[in-house]
Amino acid sequence: MAISRGVWPLLEQVRRRQKLMDRMMLTTDVNISRVVSIDGGLAFLEASSKCRLCPDEPACVHWLEGAEALETPPDFCPNAKFFKSCRGE
């Protein structure tokens, strides 16, 4: 089966945004064990989808570049409320 060249930019975008989500969770002190256990992992999948579809990737990159450890997630983040509820421990 041939791989369409049109697929690769999307794959790279998914990888790039997953890395941003990982950095955001680490920077904002999100308890990853809690995130992946809520609703049997469905909440994590929903959060991942929100990151994948987020129109503010440049703002996310810029915020992460200047962020200090353990900061509160920025308001522009579509997962800010969810990440805030999963902080610490």
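**Exercise 1.** Is Lys-50 buried, partly exposed or exposed, judging by its relative accessible area? Then describe the salt bridge between the side chains of Glu-46 and Lys-50.

*Solution.* The model is predicted, and every value below is computed from it.

Step 1. The relative accessible area of Lys-50 is 35%. Buried means under 20% and exposed means over 50%, with partly exposed in between. Lys-50 is therefore partly exposed.

Step 2. Apply the cut-offs to the partner. Glu-46 has 48% relative accessibility, so Glu-46 also counts as partly exposed.

Step 3. Look at the distance. From N to O, the salt bridge between Glu-46 and Lys-50 spans 3.8 Å. The cut-off for a salt bridge is within 4 Å.

Step 4. Place the pair in the chain. Both residues lie in helix H3 (residues 42-53), and because they are four residues apart, about one helical turn separates them.

**Exercise 2.** Which parts of the chain does the salt bridge between Arg-17 and Glu-57 tie together?

*Solution.*

Step 1. Begin with the contact. The closest N and O atoms of Arg-17 and Glu-57 are 2.9 Å apart.

Step 2. Find the helices. Arg-17 belongs to helix H1 (residues 7-27) and Glu-57 to helix H4 (residues 57-66), so the salt bridge joins parts that are 40 residues apart in sequence.

Step 3. Check the accessibility. Arg-17 has 10% relative accessibility and counts as buried. Glu-57, with a relative accessible area of 14%, is buried too.

Step 4. Look for further partners. A network of salt bridges links Arg-16, Arg-17 and Glu-57.

**Exercise 3.** Classify the two residues of the salt bridge between Lys-84 and Asp-75 by their accessibility.

*Solution.*

Step 1. The side chains of Lys-84 and Asp-75 meet at 3.7 Å, N to O.

Step 2. Lys-84 is partly exposed, at 38% relative accessibility.

Step 3. Asp-75 has 69% relative accessibility, which puts Asp-75 in the exposed class.

**Exercise 4.** How many helices and strands does the protein chain have, and what percentage of its residues count as buried?

*Solution.*

Step 1. The protein chain has five helices and zero strands. Along the sequence the pattern reads α-α-α-α-α.

Step 2. The chain has 89 residues, and 34% of them count as buried.

Step 3. Turn to the surface. The protein chain exposes about 5900 Å², of which carbon and sulfur atoms supply 59%.

Step 4. Consider the contacts with a separation of 6 or more. Residues 24 or more positions apart account for 73% of these contacts.

Step 5. Finish with the salt bridges. The structure holds five, including the pair Arg-17 and Glu-57.

How values were computed: Residues numbered from 1 in each chain as written. Predicted model: local features only at pLDDT ≥ 70, side-chain atom pairs only at ≥ 80, totals over all residues. Heavy atoms only, no water. Helix = DSSP H or I, 4+ residues; strand = E, 2+ residues; numbered from the N terminus. Buried < 20%, exposed > 50% of the residue type's maximum accessible area, 1.4 Å probe, protein only. Contact = heavy atoms within 4.5 Å. Areas by Shrake-Rupley, 256 points an atom, 1.4 Å probe, with all protein chains shown as cover.
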